[in-house]
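Colleague: Could you take one part of this model and go through its surroundings closely, step by step? I would like a single connected account rather than a list.

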Amino acid sequence: MSHNTFGHLFRVTTFGESHGPAIGCVVDGCPPGIALEEEDIQRYLDERRPGKSRFTSQRQESDKVRILSGVFRESESAPQVTTGTPIALLIENEDARSKDYDAIKDKYRPGHADFTYEMKYGVRDWRGSGRASARETATRVAAGAIARKIIPDVRVRGALVAIGAHWIDRAKWDWDETRRNPFFSPDAEAAAFFEKKLDDVRKAGSSIGAVIEIVAEGVPPGWGAPLYGKLDAELAAALMSINAVKGVEIGAGFAAAALSGEENADEMHLGPDGRPAFGSNHAGGILGGIGTGQPIVARFAVKPTSSILVSRRTVDRSGAEIEVVTKGRHDPCVGIRAVPIGEAMVACVLADQFLRHRAQIG
């Protein structure tokens, strides 16, 4: 299986399976001299880990990260810093229950990667879906924590803005609220509604999708490169690589198609600092594949979890038409835990773009 690496100068290679002994990643291209402790990474892993509420998978993983290489401490009183060499991170799997998948190991779950993995490789790890599991995304969050250290002046935050057809009220947006409820919702009233909605979905043995919004502030103008290193194209590719993501939009996105030219154009004026400023941000902070200096705004749609208790028609390895029910511990809305994952992927892209911009422009 190839294509387990993303990035150009800031490169991340992930490894491991959902029910293997461990998962991890190797981060290459991190500049030297950056203070880095395991606690700097752990704080973000704790936001993504399962079992934190009844609305996520009840798999109990501490997701404790170990830094195996790429850091050095000159003395006991000195801070631990990166050396510029590859940083290897390891997270052990502690609560895998492979027996939960015995009943479906020869069945293809509709909407899942079971069928495509077997068609490509002739073999698939049916224990928790192997590399197709959202378990792999913990390593991306770990890499994202390092990426944030490279661009400390950039603030990357995410929020869940919709569950199913139910959207938050943007007039009630409160970033602090996203860390006060289990849904990462910036709207407290919407979070209360999501709680009842997810309880109903979970009791029905079903699942539901979600939309996540990521905002990056403090990105200076100029990052990104035409024509094939466009910032928005690389953000879209990074977000689309997250398990279960089926759509990405930047700024106004698909809604821009319904706007007139004068509505969509972000008018410019001279700001109080004497620099060009914008009156709106339909472009999502990117024009021509290059950052404008405005907040970068990206949204992505996460499909409903494929592993559900509701019977679905399918076929098995022998070609027989059957029905399948997936038991075990699964997220009724995998989009909830996608918020810190989306933040991490955006941070990784921006760190990579910063290093590339510095290499070319100085």
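Modeller: The crossing of helix 1 and helix 3 is right-handed, and I will start there, keeping in mind that this is a predicted model. Helix 1 covers residues 38–48 and helix 3 residues 137–150, and the two pack with their axes 9 Å apart at an angle of about 140°. That angle makes helix 1 oblique to helix 3. On the side of helix 1, the contact is made by D40, I41, Y44, L45 and R48, while helix 3 brings T137, A138, V141, A142, A145, I146, R148 and K149. Sorted by class, this contact of helix 1 with helix 3 holds eight nonpolar residues, one polar residue and four charged residues.

Helix 1 also has a sheet to pack on, and that sheet is an open one of five strands in the order 1-2-3-7-4, with antiparallel pairing. Strand 1 (5–6) and strand 4 (65–67) stand at its edges, and because each has a single partner strand, one side of each is left without a neighbour in the sheet. Strand 4 runs antiparallel to strand 7 (residues 87–92), to which three bridges join it; R66, for instance, has L90 in strand 7 as its bridge partner. Helix 1 touches both strand 4 and strand 7 as it packs on the sheet, and its direction makes about 155° with that of strand 4.

The burial within helix 1 can be set beside these contacts. Its buried residues are I41, Q42, Y44, L45 and R48, and what covers them includes strand 4, strand 7, helix 3 and helix 7 (338–361). Of these residues, I41, Y44, L45 and R48 also belong to the contact with helix 3.

Helix 7 leads back to helix 3, since these two helices pack on one another as well, at an angle of about 45° and with their axes 7 Å apart. Helix 3 is therefore oblique to helix 7, and it passes helix 7 in a left-handed crossing. In this contact, T137, R140, V141, A143, G144, A147, R148 and I150 of helix 3 meet P340, I341, E343, A344, M345, A347, C348, A351, F354 and L355 of helix 7. By class, the residues of the contact of helix 3 with helix 7 divide into 13 nonpolar, two polar and three charged. T137, V141 and R148 of helix 3 take part in this contact with helix 7, and these three residues are also among those that helix 3 brings to helix 1.

Notes. Residues numbered from 1 in each chain as written. Predicted model: local features only at pLDDT ≥ 70, side-chain atom pairs only at ≥ 80, totals over all residues. Heavy atoms only, no water. Axes fitted to C-alpha atoms, helices over the stretch in contact; angles between N-to-C directions. Helix = DSSP H or I, 4+ residues; strand = E, 2+ residues; numbered from the N terminus. Parallel < 35°, antiparallel > 145°, perpendicular 65-115°, else oblique. Left-handed = near helix turned anticlockwise from the far one by under 90°. Contact = heavy atoms within 4.5 Å. Nonpolar A, V, L, I, M, F, W, Y, C, P; charged D, E, K, R; others polar. Pairing = 2+ DSSP bridges. Buried < 20%, exposed > 50% of the residue type's maximum accessible area, 1.4 Å probe, protein only.
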